[in-house]
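Please open the model in your viewer and keep the sequence panel at hand. The tour below proceeds by selections, each followed by a description of what is found there.

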Amino acid sequence: MTNIIPPKPDPLEGVEQLRKILLSYDSSSDPHLRSPEWQAFEQSLTDRISAYGAATSERYGQKQMIPHLYRAADLGKRMLLKAGFSQPAAENFRRAFMLHDLGKTHESYRIENWTLPKQSDEVRLEKKQHIVHGIEILDEVLAALDEPSRTEFSDHPHVRMIRSLMLYHHERLDGKGTLGLPPESQGLLIQVACIADAYDGDRIHRPHQPERRSPESTIRRMMTDHPEDKYYAAFDPKVLCLLAQVVEELEDDEGLCARLFSEAEADYKTAPSRSHVIGRPII
Ligand SMILES: [Fe+2]
Ligand SMILES: [Fe+2]
């Protein structure tokens, strides 16, 4: 059941378009993104997330919000570098992905109403809506800027990346993501965002997640072959392989990829439900 309506116009103008947008600028040298006006704009969004994280830390461990954003964004950047993207393109992704959970600062994301471990449909819907609320907040802050910054920033490819990554970081290849985007609309960039976010989120210590999973068990869980599991057919194995390569280096765990993928290879080839995943080129 999907109750989330993406804003219009839909910021995802096609998978190929998203890749072109990412490659069309360099956030490290772009004059707009180096201007004091942009720095103040970006800082105001980061401050908003920090304030939310600090205010809610006791209730739900949200002091982990900023570290989660840093880690997930860094993972995504490293995965793109493994996939052959240039340093500037991977850095563009990292900076844009730093804001992906901005919508959690929306007034409707009321964690004081959450009951654990079970949550009502109403609360689950509130949580899911953070993908849309992030864009609303972004648009409000943009609208409050003076010209010419308002127009320059609103049309900037970096802002288009931020909007797309906010909206599509909870998609799944079985179409059961928050928006239910079909697999053919999810290219590498969206799968990297979804996998980096899920991996880091699943390793965070939370009230309903008291035991911290190991890196290996977290990736195994994302690669599951059991149809009854939460992540069955949710992620592209080729992109999970990029994650495993990055984690192998970050955790200094030589052999992680070999352990994970030599066992899984036969299953990936024989599981008919995954044929759409296996045969699809990464773009
Ligand atoms: Fe999120
Ligand atoms: Fe996240």
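Over which residues does pLDDT stay under 50? Select residues 268–283: pLDDT stays under 50 throughout this stretch, for which the model has 20 contacts beyond four places in sequence. The structure is a predicted model, and colouring by confidence is a suitable start. The protein chain averages a pLDDT of 84, and 79% of the residues score at least 70. Select helix α5 (residues 87–97) next, where confidence is highest, at a mean of 97. Confidence is lowest in helix α14 (residues 275–278), with a mean of 36.

**The whole chain**

Return to the full view and switch to a cartoon. The protein chain contains 14 helices and 0 strands. Of its 283 residues, 35% count as buried. Among contacts with a separation of 6 or more, 70% are between residues 24 or more positions apart.

**The nonpolar core**

Select Val192, Ala193, Ile195, Leu240 and Leu243. Within the largest nonpolar core, which has 63 residues, these five touch the most other members. Now select helix α10 (residues 188–203), which supplies the largest share of this core, 10 residues. In soluble globular proteins, nonpolar side chains tend to be buried together.

Centre the view on Ala193. Leaving aside neighbours within four places in sequence, Ala193 is in contact with Gly76, Phe97, His100, Leu165, Tyr168 and His169.

Move next to Met79, in helix α4 (residues 65–82). Is Met79 buried or exposed? Met79 is buried, because 28 other C-beta atoms lie within 10 Å, and the threshold for burial is 20 or more. Show the contacts of Met79 beyond four places in sequence: they are Val192, Ala196, Leu242, Leu243 and Val246. A distance label from Met79 to Leu243, C-alpha to C-alpha, should read 6.0 Å, although the two are 164 residues apart in sequence.

**A pair of helices**

Hide the rest and display helix α7 (residues 130–143) with helix α9 (residues 157–167). The two pack at an angle of about 155°, and their axes are 7 Å apart. Helices α7 and α9 are therefore roughly antiparallel to each other, since angles over 145 degrees count as such. Add side chains for the contact: Ile131, Gly134, Ile135 and Leu138 come from α7, and Ile162, Arg163, Met166 and Leu167 from α9. The residues of this contact divide into 6 nonpolar, 1 polar and 1 charged.

**Backbone details in the loops**

Select Glu147 and Pro148, which are joined by a cis peptide bond with omega of about 10°. Pro148 is in the loop between α7 and α8 (149–154).

Proceed to Ala233, in the loop between α11 (215–222) and α12 (237–250). Ala233 has a positive phi of about 60° although it is not a glycine. Ala233 counts as buried, because it has 21 C-beta neighbours inside 10 Å.

The last selection is Asp252, in the loop between α12 and α13 (256–270). What is the phi of Asp252? Asp252 has a positive phi of about 50°, and it is not a glycine. Asp252 is exposed, because 7 other C-beta atoms lie within 10 Å, and a residue with 12 or fewer counts as exposed.

Conventions
Residues numbered from 1 in each chain as written. Chains lettered and ligands numbered in written order. Predicted model: local features only at pLDDT ≥ 70, side-chain atom pairs only at ≥ 80, totals over all residues. Axes fitted to C-alpha atoms, helices over the stretch in contact; angles between N-to-C directions. Helix = DSSP H or I, 4+ residues; strand = E, 2+ residues; numbered from the N terminus. Parallel < 35°, antiparallel > 145°, perpendicular 65-115°, else oblique. Contact = placed C-beta atoms within 7 Å. Nonpolar A, V, L, I, M, F, W, Y, C, P; charged D, E, K, R; others polar. pLDDT = per-residue confidence, 0-100. Core = buried A, V, L, I, M, F, W, Y, C linked by C-beta atoms within 7 Å.
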